[in-house]
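Reader: I am in my first year and would like a close look at a single part of this structure. Could you take me through one buried residue and what lies around it?

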Amino acid sequence: MLADKTKLEACLAHLNINYDVIEHPPLHTSLAADELLLERPGTRLKNLFLRDNEGKRHFLVITAHNKQLDLKALSKQQGLSRLGFASSERLATYLKVAPGCVSMLALLNDKQNAVTVWLDQDIWFGELFHCHPFENTLTWILSKSDLETFFNYTSHQPRVMFLPSR
């Protein structure tokens, strides 16, 4: 069962986290967002839900919308045999969202803390960040300090790190 956005809204209200809302047609990729040609404040993100070769470890990797990650180099950097994209079934199991709806806000649904968060050091200098609230017809813009509050609440401490590109 996929997550309900109203629970996310209630959680953010409880944490006194404010956000701006942008409504748009469904966006399944960051490239689709480019086609809208909207000027919005903040850092646009690419969110990748990955798994290790054995399927035992899962990672939410957050980087700039236009960065092409080198998964082979990232695997080597992290001492893993191979990283690959997790299936839509795994995405629904761990983060409770559909493909194209992944964002750091989905960490609210990882109650077992089974997902490791890797955050690209190249983007974390920004003050505002774009996140899908469990659906890809909305983008919420949150501040860095509010996201840090959210990470603390969900017990997910992102590892801010160098992410290699192709």
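Author: What follows deals with Asp110, then with Phe49, and then with a pocket. The model is predicted, so local features need pLDDT of at least 70 and side-chain atom pairs count only at pLDDT 80 or more, while totals for chains, interfaces and linings use all residues. Residues are numbered from 1 along each chain as its sequence is written, and side-chain values use heavy atoms, with hydrogens and water left out.

Asp110 sits in the loop that runs between helix 4 (88-94) and strand 5 (115-120); helices (H or I, at least four residues) and strands (E, at least two) are DSSP runs, numbered from the N terminus. Asp110 is buried, a word for under 20% relative accessible area with a 1.4 Å probe, protein chains only. Asp110 has no salt bridge, which would be a side-chain nitrogen of Lys or Arg within 4 Å of a carboxyl oxygen of Asp or Glu. The nearest side chain of opposite charge, Lys96, is 7.7 Å away; Lys and Arg count as positive and Asp and Glu as negative, while His and the chain ends are not counted.

Leaving aside neighbours within four places in sequence, Asp110 is in contact with Tyr94, Leu95, Val115 and His156, where contact means heavy atoms within 4.5 Å. Phe49, in strand 2 (residues 45-52), has contacts beyond four places in sequence that include Tyr94, Leu95 and Val115. Phe49 counts as buried because its relative accessible area is 5%. Phe49 and Thr116 are 67 residues apart in sequence and 9.9 Å apart in space, C-alpha to C-alpha.

How values were computed
Buried means under 20% relative accessible area, exposed over 50%, partly exposed in between (1.4 Å probe, protein chains only).
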